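Open the model in your viewer and keep the selection tool handy. We will go from stop to stop, with something to select at each one.

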Amino acid sequence: MDRLAGGDLGALDLLYEQYGAMAFSIAYRITGDRSAAEDVVQDAFLGAWRNAGRYADARGSVRTWFLSIVHHRAIDAVRRRRPTVELPDPEATLPDTLTLPDAWGDVALRLDREAVQVALSRISDVQREAIELAYFGGLTQTEIAARTGVPLGTVKGRLRLGLQGMRAALLPLDGGRGGGGG
Amino acid sequence: MAEHTFAGLTCSDVAELAPAFVLGNLTPAESDAVRRHLADCPELHAEIAELNSVVPALFEAVEPVAPPAALKDRIMAAAAADLAARRAAAAPTVTGVPAPAPTRPAESPRRGLDLGALFRRPVWAAVAAAALVAAIALGAWNVQLSNQVAGLQAYRNGVVKVLDTAAQPEAQLAVLAAPEGQGPTGLAAWGADGNVALVMRDLEPTTGTEVYEAWLIAGTAAPIPIGGFQVGTDRTGTFGTNHVPLGAGVVVALTLEPTEGAKTPTLPIIALGTAHAQSS
């Protein structure tokens, strides 16, 4: 990351080799459009290129940091198609005083896609749907409620239980290392 | 849990919003309020951290989709252009003349200047990036720095020639950069008819009989010299010749030779890049 912050194009090349395909997959999953996904990925890499100096080890792995940028920009792109929705702050981050234990930020490095799919299969269909609409669809809780025809409180409950269920399913797969600060 | 109120939210409010907060789908106002509450109230940090810890794993649930091959080239070209623009913005200015304000660093070149259409087209990507550098730098540098302006004009003219060549069907384009990442940059293109156009900037001026020699390196074959050029105080070099196309994946390299007519390259390599066919 120091090399990237120092303007080393080789470091950017390496970052792309490591995360380019996954970044495109995430952007395409969210936007559903190859051209839009390309723009998102380009924006994300250039954003990382220009803001690498703001990356801090304590806040998580490079992978989580970078793919979160991709996610953020892809959701931004989707929401721009819906002008009635408030756009997120592109620079928003968690407050510095909130130090999140990142043991779990790196969990995905040790879990393959199949394992995560298994964990997702352990939660209910409606919980999984709510999480996917929220995380990959960029829908607000109110929009999810309207889309799925259930009360807002039910959506909130499904998101919480779904995340907790995933965590419970992933913990054994990770050897119980995910402390999460809880 | 003790109930506190910060940023207009109670701890219960924040706990209720926590799942949507970690998934990033609160409204900006809600999200900001949660952040401000958390900044002042540690009570919920552990719960937020637990929920947040699952989120990175969601990336693994995404079905893999291969990106287009040209995307990496486009990103690298845009980053190279950004790097050159940074250097131009940081260039020394004449005493008493303030340096121009750099463009907003966090924005992509396509934003604001609306160059998205250019950058979405592989054939223009590197050329547009180079032209952007020239445009930014031309606007930024003081007119009294005539050598630099002359260099930029020469570079821009060279870019136009590369653009013309790269626009031909089945043309190939290489973005040249110093192996160490810091140093001269440029572009080379050649068409199916064998016409080659090359433009470089930030080269050290040649002296005496020195020439910059361009080489084509195909696989493990010996480098093929295709011609050389000298560079003046504008530090810009342009070059045109004709050579039988060698196909995609050929490396274009530049060396500084003591005299013209070199048969083997004199190390170090000043700049190099790999040629890629341009798809429409």
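## Stop one: an oblique helix pair

Helices α7(A) and α8(A) are oblique to each other. This is a predicted model, so please read each stop as a description of a prediction. To find the pair, select residues 125–135 of chain A for α7 and residues 141–148 of chain A for α8. Their axes are 10 Å apart and the packing angle is about 130°. An angle between 115 and 145 degrees falls in the oblique class, and that is why this pair is called oblique. Look at the handedness too: α7(A) and α8(A) make a right-handed crossing.

Now show side chains at the contact. From α7(A), pick A:E129, A:A130, A:L133 and A:A134; from α8(A), pick A:I144, A:R147 and A:T148. Coloured by class, the contact has four nonpolar, one polar and two charged residues.

## Stop two: from A:A130 to A:R160

Keep A:A130 selected and add A:R160, which is 30 residues away along the chain. Their C-alpha atoms are separated by 9.8 Å. A:R160 sits in helix α9 of chain A, residues 152–173. Is A:R160 buried or partly exposed? It has 19 other C-beta atoms within 10 Å, and burial needs 20 or more, so A:R160 counts as partly exposed.

## Stop three: another helix pair

Next, select residues 34–51 of chain A for α3 and residues 62–80 of chain A for α4. The two axes come within 9 Å and cross at roughly 135°, so α3(A) and α4(A) are oblique as well. The crossing of α3(A) past α4(A) is right-handed.

On the α3(A) side, the contact includes A:V40, A:V41 and A:A44, and on the α4(A) side it includes A:F66, A:I69 and A:V70. By class, this contact has ten nonpolar, one polar and two charged residues.

## Stop four: the core around A:V70

Stay on A:V70. Together with A:A27, A:V70 has the most contacts inside the largest nonpolar core, which has 120 residues. Helix α2 of chain A, residues 9–31, gives the most to this core, with twelve residues. Leaving aside residues up to four places away in sequence, A:V70 touches A:A23, A:I26, A:A27, A:V40, A:V41 and A:A44.

## Last stop: chain B

Finally, select B:S31 in helix α2 of chain B, residues 28–40. B:S31 has 19 C-beta neighbours inside 10 Å and counts as partly exposed. Add B:V14, 17 residues away along the chain: the two C-alpha atoms are separated by 9.8 Å.

Notes
Residues are numbered from 1 along each chain as its sequence is written. Chains are lettered from A and ligands numbered from 1 in the order in which they are written. This is a predicted model: local features need pLDDT of at least 70, side-chain atom pairs count only at pLDDT 80 or more; totals for chains, interfaces and linings use all residues. Axes are lines fitted to C-alpha atoms, for helices over the stretch in contact, and angles run from 0 to 180 degrees between N-to-C directions. Helices (H or I, at least four residues) and strands (E, at least two) are DSSP runs, numbered from the N terminus. Angles under 35 degrees count as roughly parallel, over 145 as roughly antiparallel, 65 to 115 as roughly perpendicular and the rest as oblique. A crossing is left-handed if the near helix is turned anticlockwise from the far one by less than a right angle, and right-handed if clockwise. Two residues are in contact if their C-beta atoms, placed from the backbone, lie within 7 Å. Ala, Val, Leu, Ile, Met, Phe, Trp, Tyr, Cys and Pro count as nonpolar, Asp, Glu, Lys and Arg as charged, and the others, Gly among them, as polar. A residue is buried if 20 or more other C-beta atoms lie within 10 Å of its own, exposed if 12 or fewer, and partly exposed in between; C-beta atoms are placed from the backbone. A nonpolar core is a set of buried Ala, Val, Leu, Ile, Met, Phe, Trp, Tyr and Cys residues joined through C-beta atoms within 7 Å.
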